[in-house]
Amino acid sequence: MTRTQGERLAALAILLFSLGYFVLAFGIKAPPSSDDSPFSARSFPLMLGPLGMALSLVLLVRPPEGAPIGAAGFSWGRALGLVGLMVFYALAINRLGFVVTSALFLAGGFWALGERRPMVLALVALGVSLGFWTMFSLLDVKLDWGVFERIWS
Amino acid sequence: MIEGLLTGLYGLMTPMNIGLLMMGCILGTFIGMMPGLGPVTAVSLLIPVVLTMQPASAMVLLASIYYGAMFGGSTASVLINAPGESSSVPTTFDGYPMAKRGEAGRALALCAWGSFVGGTVATLLLMLAAPTLASWALTFQAPEYFALMVLGLTAVAAFTESGGVIKALLMTVVGLMLATVGTDVADGVERYTFGIRDIADGLSFVLLAMAAFALSEAILAALRNEKVSEEAKKAARGDVGSLKLTADDIREVAPTMARSSLLGFVVGVLPGAGATIAAFMSYAVERNIATGKRREEFGKGSRRGVTAPETANNAAAGGAYVPLLTLGIPGSGTTAVILGALVALGVQPGPRLYVDQSAMFWTVVVSMYLGNLILLVINLPLIPYIARTLAIPEQILSPLIAFFCLVGVFLVSFNTFDLWLMIGLCVVCIGLRLLDYPMAPLLLGFVLGKLLEENLRRALLVNDGSFAFMWERPVTALLLAISIACVLAPMAMKLAGRRC
Amino acid sequence: MTFKTTSLSRRQALAGVSALAASTMLPAFSQAAEVIDRVQILVGFGVGGGFDQTGRGIQEALQKSGLISNVALENRTGGGGSVAIAHLIETASRQQNTLMVNGTSIVIRSLSREFQQTFRDVTLVGTVTAEIFGILVNPGSPHADIAALTAALKANPRAVRFGGGSPRGGIDHCAAALYLKQAGIDPKAMQYVAYDGGGKAMAGLLGSEVQCIVMPFSEALTQIRGNQLKLLAIMDEKRSADVPTVPTLAEVGVPGATLANVRALFMAPGTSPARVEAFADLLDKLIKTPAWEEVRARNGWNMFFKRGQPAQDFFVQHEKDIRAMLIELGFIQA
């Protein structure tokens, strides 16, 4: 994908976003007896939608020049690994609890970015998550242990 | 007045109070640095403790913990591009670029000094002019707030270099659009929530800032296989000298500190604005009045750019005491909690507070001076150690930053929906950033958008639908005129330059 | 009153017995006596707001009075409290020690929006406080008393612009409308300006952007006592000890206009009646402690403790009243 194609794609996406925003603005309910207010909950969105559409249209028609994005040198695996781990975090936090999820996330993150020393992986990940848990507990913020809490009790 | 100050000072200068001050500053800074916790949490946590103390000690502790948390929020903004709380968001704009080029120590020192100056000037103004300012704050109504938000939006001009004017404007519009998500303040109708209850209160500003800055930054670094720059590493490893401000630094930022202190204080006095707006406004003003080379530095690591918001948000925190003490009106959640504590401690807010309850008033004032001073004294020596964060190898630091963001968002709501939202927004932001779309205008539009719309609607409602308030009210007209000048002046200069 | 105290001491005695027998005969005894060794307070709103302060006040008083030492508080925000409600319902089996702070908010939100749950979907333990609505003007207002204000509104409903700390269709708007309706004025004709919270509404009144605000008067006690704002009347059946000189609306010929913002505690759905009783007992005991009195006085809260059937009946009536106002204003269909 060239830079210009990328620019066009982004502009098109924002154009569609603005269009959707504009169309949905008509669906905003007007509460009763607000006819005395000249500017309703709908008015501002109705102004923003066309503004967004106009600006993104300019970018679509005349995509700005720029250096190539340089996708060749990108390590997609590392980036996707981190995003995947975040998804794991969101899935696991309520099930495995704070400490275990955090330790797994951190160890996985270090590994994905090239750290291979087992001691570093284990100690830093566990240390940080336990450290945070302790500090938050001292500050009266309750972070639970998920399923482990139920197993213990 | 001197007498009052001395009485207050005398009352506070006990070993116990100094100990509490130190504790409050350290604890406050620490809480402020922690992801997800800010001044509100810091103050709320301490209320039960504070109320068992002597009123003087209690106020000292409250002031120090409040300022401490405000200050602590800036640390993560500078070091890892992750604002600890909303009023530190503009600090990332220039603080992080400074840290990236190896000047983390200096940026943090500027933050510390800025906070100190802002807080001290605010206390001074509180002492001198509280009653006058309070009645002025009341004349500031919906039309004026609207004009103030318009002025704030002119800061968009600061971000036009990287990807062109159109992209900056477009991101502002998208930010304004995102601000309309959630339950409308005036009519109570839900907009763009698609029936999802998790966004019925609107999108979280800190979440958006994390997705747009720190999180996408960490992932982009992994994508580009970036290493922490050698300069940053070297500086972090112990070039302690960099945290000392040079004469040139002081010359550079002194005018900024003066302006931002005043502006921050004035905006802080307004119950409808607050520290976040103050920080954005002062950034906008500094950028708008800068010329030539200095102007180009904004967004790329300008010393003025990092000093302005940090000075202003602390000054605004001091300014918020004006409506609090003289009218009993809190402008934010934090000040609402502090108000409750003050009333419980025997402070009866009112216009004659500083006459009728002079002892209490001076205790508050002196505790604020001391709080700011001790904060500076304690934090400056810590900066080199904190700055060492950047010496952490990249494969360790990036996951830690991502972790910081996840925890910071999760701990506010305990809602995994917010995590999904942040991950989704982050992926979108990565795409936009690869194409040089600037992220700061998005946040600017978002933070000003809600108040812009709310106040415009209220202004129209109370003026029976007439737009005449825009030129009939002197302050509104003045603010709008300045906004127009801010937009037109650079164009005019360019035109003039071309002709020469 | 005496009945409740006896019931409590009986429970305590049983709790001691059951502790002995717990290891061997847990199922048999757990129904008879409930042991409360820790309390989890769930607040569906952010730190620093009214609900949060109620939650923190209960936490503080429980600990300081020595009733329960292990009290944790959790702010699970989103959707105007609905995220916390949904969480309580979804994880009900694990929430046997959880008290959720909510109140009028849950009623109004379930009435006016596509908001699935009502107060019936969680278990009401009891009401705690009620912030009574009051009608406030500036001290220099041409409407020197409530009769003058009512007369002016009768002559022209748009003569006075009202303000409040809730959006249109929120509780402050309902309170203002209730006043007008009971005074014989069409609430739909009212001009209402919404502010983002009571503090900003007061600033709007002090700056004369609106001429009158309707909000819980306890939030404005400071300004009332300092003569910065004038409280014309309160929306309750009897006068308040905090402002004994201020008449009720009924006294000045506007009967039936009573409304309060109530804060109550809820437990997970399906919690056993015995356990709910035990928590109601705990609450009953708590509000009689000096520790609670200190918290209450500091915040200026107005006590409104009801438990069991009376609390349930109150909420049913509360819902009816608010529903009637929302229909009157056209926010929901009859």
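**Close-up views of a predicted model**

**View 1. The buried area between chain C and chain A.** About 940 Å² is buried between chain C and chain A, with 42% of it on carbon and sulfur atoms. Three residues, C:Arg94, C:Arg168 and C:Phe331, provide 40% of the area that chain C buries against chain A. No other three residues supply as much. The model shown here, and in each view below, is predicted.

**View 2. Residues in contact across the chain C and chain A interface.** On one side, 13 residues of chain C take part; they are in contact with nine residues of chain A. The count of salt bridges between chain C and chain A is zero. Residue pairs in polar contact, with both residues at pLDDT 80 or more, also number zero between these chains. On the side of chain C that touches chain A, five residues are charged, four are polar and four are nonpolar.

**View 3. The two domains of chain A.** Domain 1 of chain A covers residues 3-71 in the domain assignment. Domain 2 of chain A covers residues 75-152. Their C-alpha centres lie 38 Å apart.

**View 4. Confidence along chain B.** Chain B has a mean pLDDT of 85. In this chain, 95% of residues reach 70 or more. Where is confidence lowest in chain B, and where is it highest? The lowest confidence falls in helix H10 of chain B (residues 230-236), with a mean of 63. The highest falls in helix H21 of chain B (residues 416-434), at 94.

Key:
Residues numbered from 1 in each chain as written. Chains lettered and ligands numbered in written order. Predicted model: local features only at pLDDT ≥ 70, side-chain atom pairs only at ≥ 80, totals over all residues. Heavy atoms only, no water. Domains from an automatic or database assignment. Contact = heavy atoms within 4.5 Å. Buried area = accessible area lost by both parts, 1.4 Å probe. Salt bridge = Lys/Arg side-chain N within 4 Å of Asp/Glu carboxyl O. Polar contact = N/O pair within 3.5 Å; in protein donor to acceptor, adjacent residues only side chain to side chain. Nonpolar A, V, L, I, M, F, W, Y, C, P; charged D, E, K, R; others polar. pLDDT = per-residue confidence, 0-100. Helix = DSSP H or I, 4+ residues; strand = E, 2+ residues; numbered from the N terminus.
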